[in-house]
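Let's take this model apart with a few "how do you know" questions.

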Amino acid sequence: MPDPSYIIMKKNSLIIYAALLIALTLNACKAGKNYQRPTVQLPEKFAGVSYADTSSIANIQWKQFFTDTTLQGLIDRGIKYNYNLQIAVKRIDIAQQQVKQAKLSLLPQLNLQVTGQYNRPSDNSLNGLSASSFLGSKHIEDYNASLLLSWELDTWGKIRRQQESVMAQYLQTYEATKAVQTQLVADIAQGYYNLLMLDRQLTIAKQNLTLSDSTVNLTRLLKNAGEVNLLAVQQADAQRQTTALLIPQLEQSITIQENALQILTGQLPGAIARNKGIEAAELPTSLNTGLPAALLSRRPDVRSSEMALVASNAQVGVAQANMYPSLTITAQGGLQSFKSSNWFNIPGSLFGLATGTVLQPIFRNRTLKTQYEVAKIQREQAVLQFRQSVLNAVGEVSNALVQNQKLQQQRQIATGQVDTLNQAVKNARLLFKSDMANYLEVITAQTNALQAQLNLASIQRQQLGAVVELYRSLGGGWQ
């Protein structure tokens with residue numbers, strides 16, 4: 001007749017084998033749906049573009065897009081030392097560590113445990129009487145050294161969904177860092193061109209101040225000759241003071257802009273050496289935008305938003321799998337003895353234990369159901385955020401395109417206006433000397449010419465800024 005203990009062990013083995021077979025069968029499926037990109041509204045081509053072309057300025061590396069060596073140096077320094085970008089890079093390092101952990105999540109956990117226990121029971125207790133009767137001792141010792149293995153089988157794909165979520169979060173962080181760099185490159189370029197505009201406006205103000213000084217001197221000479229009165233001198237001097245007031249204002253703005261650029265590049269506030277004016281600033285004249293659909297793969301912020309959606313979709317699968325039965329296999333083996341002298345006596349001190357556990361949640365105060373429903377709602381939120389990011393991207397590109405187009409027209413008009421008013425100033429001064437125009441006409445002509453020159457410099461800066469914004473909005477600047 002077979003040994004009963006042998007029959008029991010055989011039955012337990014069959015149960016474990018059956019559980020493993022079921023687990024391997026279920027392992028082929030995953031809870032939740034695989035990610036599919038939601039539909040988004042995209043135009044066939046951007047507004048204002050005559051024909052759609054697959055090439056885009058976003059594919060140009062920033063060192064080739066910005067040819068000014070001073071600007072290149074600022075951007076290069078910013079990428080190396082800007083603290084916000086460095087913080088974003090550290091987020092990538094954290095995400096990489098999480099990915100490494102997630103890759104090993106399918107493997108069992110293994111722990112080493114070493115314990116020693118001394119127990120002196122009461123002589124009148126059951127344990128004390130038992131120890132005296134069976135061990136011949138009034139104390140009990142227990143020494144244990146064992147390895148503990150625990151393995152949760154991925155029966156419903158929960159762990160693999162967790163891996164998907166962690167990987168998507170890593171890619172989200174990576175794309176977000178690229179978005180930080182594209183914004184940083186654009187901010188440095190915008191600040192640099194703003195600095196060149198302020199330089200140009202300061203030069204204009206100084207030139208007009210010299211012209212105003214000569215007008216004041218001329219007016220005084222005419223007053224001494226009895227041609228004009230004191231009011232004319234006062235009006236001319238007030239106009240000169242208005243021009244002079246611009247100089248410290250512009251110098252203040254230049255210093256603040258220099259400090260802002262230095263801080264963007266991770267440096268202490270200070271002056272920035274430059275050898276070019278805003279008139280010499282050059283950017284690509286061919287501003288190809290590519291197809292709107294390319295924004296989904298080219299814009300880092302859009303990609304980051306989509307990766308957040310992928311992670312949310314995977315979390316729905318995790319929450320759903322939490323409601324299903326889980327199968328865990330545990331095993332423990334090692335050396336155990338009631339005496340330290342026999343602790344490592346092999347094979348007498350060897351022991352082993354294996355257990356298979358199937359856990360089906362039944363009632364947990366709706367915790368698992370709530371987590372599942374919340375995960376689905378968060379996925380819906382991520383879909384809306386992804387679609388909003390795409391909509392914002394298309395809008396930013398469209399705005400930059402119309403700015404480039406209209407600012408080009410404004411620049412042509414403003415250039416003609418400056419030429420006209422400069423000639424008007426010359427004519428007004430000649431007529432004033434000949435007593436054929438009054439002092440108010442000279443002052444008005446000079447004021448209008450000054451404002452037109454300042455406005456032209458502002459339009460030139462806006463035009464450069466619009467090109468930079470188009471480059472950023474298409475996804476350029478991270479390469």
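Q: What makes the contacts in the protein long-range in sequence?
A: Among contacts (heavy atoms within 4.5 Å) between residues at least 6 apart in sequence, 83% join residues at least 24 apart. Before going on: this is a predicted model, where local features need pLDDT of at least 70, side-chain atom pairs count only at pLDDT 80 or more, and totals for chains, interfaces and linings use all residues. Residues are numbered from 1 along each chain as its sequence is written, and side-chain values use heavy atoms, with hydrogens and water left out.

Q: Why is the protein called more spread out than a compact globule?
A: There are eleven helices and four strands (DSSP runs: H or I of at least four residues, E of at least two) in the protein. Its radius of gyration, taken over C-alpha atoms, is 39 Å, and the globule rule (2.2 Å times the number of residues to the power 0.38) gives 23 Å for 479 residues, so the protein is more spread out than a compact globule. Along its principal axes, the C-alpha trace spans about 140 × 55 × 40 Å.

Q: What makes a set of residues the largest nonpolar core?
A: Members must be buried (under 20% relative accessible area, 1.4 Å probe, protein chains only) Ala, Val, Leu, Ile, Met, Phe, Trp, Tyr or Cys, joined through side-chain atoms within 4.5 Å. The largest such set has 53 residues, and Phe-46, Tyr-193 and Leu-474 are among those touching the most other members. Helix α6 gives the most to this core, with 14 residues. A second, separate core of 22 residues includes Ala-232 and Leu-407.

Definitions and conventions. Buried < 20%, exposed > 50% of the residue type's maximum accessible area, 1.4 Å probe, protein only.
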